[in-house]
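Grab a pencil and work through these exercises one at a time. Try each task yourself before you read the solution below it.

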Amino acid sequence: MTATAEVTGASVENLRLVAKKEATFGFTMNDVLYQAYKGEGKFEGQRLDMLRSVFQIYPHVYHVITLKKYPIYKISDLKGKRVSVGAPGSGTEYKTSLVLPLLGVRYEDMKVYRLSFAETAEALKNGTIEVGIWSVAPPASSVMDLVTTHEVRFIPFSEDEIKKVTSTYPFYGRIVLKANTYKGQIEDVPSISVWNSIVCHKDTPEDLVYQVTKALFTNKEALVGVHRMAEYTTPEVSAKESPIPVHPGALRYYKEIGIIK
């Protein structure tokens, strides 16, 4: 089987491409996926209920990063600051648009920049922005590049903030960015997480989806060898934790191995 990777604007665009059958499979964060399927948020009036999940990949950790020279220590300190909220159409920007206003930090309270991960790291280095936001699986290469040359501070979420976010949006969860994930990060950083999915159109041939799902899980060690976050990619989570219906081809594999009846 031959696959071609397409460079896109991330989650929101990926779902629209899959919905239009312009892509066979797409990566997405589950907050975007949930609201696309329900026709909520940015997808109001354009419900994408033809989407189906194939498997759950790994959780993204929300990184809020500033340089140590700035007096920014908590989420509320973002008010009045120059902040990169994520690239247009990305899951990072979508998550930011839900989370920060819920915690009392509106876009109009900041000078907002919509930058890619690499652009965000560069903008922090050169002083264009004071805070950068990533929703990504750690360790992120652009963050690793940043911390090799600059001293940074990871902004933690308070337990009350985490509770407010997770009780409002069921697709978010509590997670800890473990100490020493990045150079100079000597403490655990409480944050919020969201899982990522691979999705397809409901009309995608069942046998194709079955074969792809089987190939992924029977070669999992090869994936872990490429990126350790693949340890989170399990049939158990994929079969039971999807925010939308699972494609019949993937369900066939999960039934075959006894995960579901």
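Two residues are in contact here when they have heavy atoms within 4.5 Å of each other. Keep that cut-off handy, and keep in mind that the model is predicted.

**Exercise 1: the overall picture**

Task: Work out whether the radius of gyration of the protein agrees or disagrees with that of a compact globule.

Solution:
- Start with the parts: the protein has 10 helices and eight strands.
- Next, take the chain length. For 261 residues, a compact globule would have a radius of gyration near 18 Å.
- Now compare: the protein comes out at 19 Å, so the two agree.
- For a feel of the dimensions, the C-alpha atoms fill a box of roughly 55 × 40 × 35 Å along the principal axes.
- Then check the inside: 52% of the 261 residues count as buried.
- Last, look at who touches whom. Among contacts with a separation of 6 or more, 72% are between residues 24 or more positions apart.

**Exercise 2: surface and charge**

Task: Find how much of the accessible surface belongs to carbon and sulfur atoms, and how far apart the centres of the positive and negative side chains lie.

Solution:
- The accessible surface comes to about 12,400 Å², and carbon and sulfur atoms make up 52% of that.
- For the charges, count 32 positive and 29 negative side chains.
- The centres of these two sets lie 2 Å apart.

**Exercise 3: the two sides of H6**

Task: Explain why the buried residues of helix H6 are on the same side.

Solution:
- Pick out the buried residues first: in H6, residues 159–168, these are Glu161, Ile162 and Val165.
- They cover an arc of only 100° around the axis, and therefore sit on the same side of H6.
- A general rule helps here: an α-helix has 3.6 residues a turn, so residues three or four places apart point the same way.
- Now turn the helix around. The face away from the buried side carries Asp160, Lys163 and Ser167, which are exposed.
- Finally, ask what the buried residues pack against: helix H3 (91–102), strand S7 (173–177) and strand S8 (189–201).

**Exercise 4: H10 and its cover**

Task: List the buried residues of helix H10 and name elements that cover them.

Solution:
- H10 spans residues 248–256, and its buried residues are Gly249, Ala250, Tyr253 and Tyr254.
- Their arc around the axis is only 140°, which puts them on the same side of H10.
- Their cover includes strand S2 (51–67), helix H7 and helix H9 (235–240).
- Zoom in on one residue of H7, Thr213. With a relative accessible area of 0%, Thr213 is buried.
- Leaving out neighbours within four places in sequence, Thr213 contacts Ala250, Tyr253 and Tyr254, along with Val54 and Phe55.
- Over in H9 you'll find Val237. Beyond residues up to four places away in sequence, Val237 touches Gln56, Trp195 and Ser242.
- Val237 and Tyr58 are 179 residues apart along the chain, yet their C-alpha atoms are separated by 9.6 Å.

**Exercise 5: Tyr94**

Task: Decide whether Tyr94 is buried or exposed, and find what it touches.

Solution:
- Locate Tyr94 first: it is in helix H3.
- Its relative accessibility is 1%, so Tyr94 counts as buried; the cut-off for buried is under 20%.
- Setting aside residues up to four places away in sequence, Tyr94 touches Asp31, Val32, Gln35, Glu40, Gly41, Lys42 and Phe43.
- Sequence distance tells you something else again: Tyr94 and Leu146 are 52 residues apart along the chain, and their C-alpha atoms are separated by 23 Å.

**Exercise 6: unusual backbone spots**

Task: Find where Lys21, Asn180 and Pro139 lie, and describe the backbone at each.

Solution:
- Begin with the general rule: most residues other than glycine have a negative phi, and most peptide bonds are trans.
- Lys21 isn't a glycine, but has a positive phi of about 65°. Its place is the loop between helix H1 (11–19) and strand S1 (25–29), and at 54% relative accessibility it counts as exposed.
- Asn180, also not a glycine, has a positive phi of about 70°. This residue is in the loop between S7 and S8, and counts as exposed at 59% relative accessibility.
- Pro138 and Pro139 are joined by a cis peptide bond, with omega about -5°. Pro139 is in the loop between strand S5 (131–136) and helix H5 (141–149).

Note on methods:
Residues numbered from 1 in each chain as written. Predicted model: local features only at pLDDT ≥ 70, side-chain atom pairs only at ≥ 80, totals over all residues. Heavy atoms only, no water. Helix = DSSP H or I, 4+ residues; strand = E, 2+ residues; numbered from the N terminus. Rg over C-alpha atoms; globule rule 2.2 N^0.38 Å. Buried < 20%, exposed > 50% of the residue type's maximum accessible area, 1.4 Å probe, protein only. Areas by Shrake-Rupley, 256 points an atom, 1.4 Å probe, with all protein chains shown as cover. Lys, Arg positive; Asp, Glu negative; His and termini not counted. Charge placed at Lys NZ, Arg CZ, Asp CG, Glu CD. Arc of directions from axis to C-beta.
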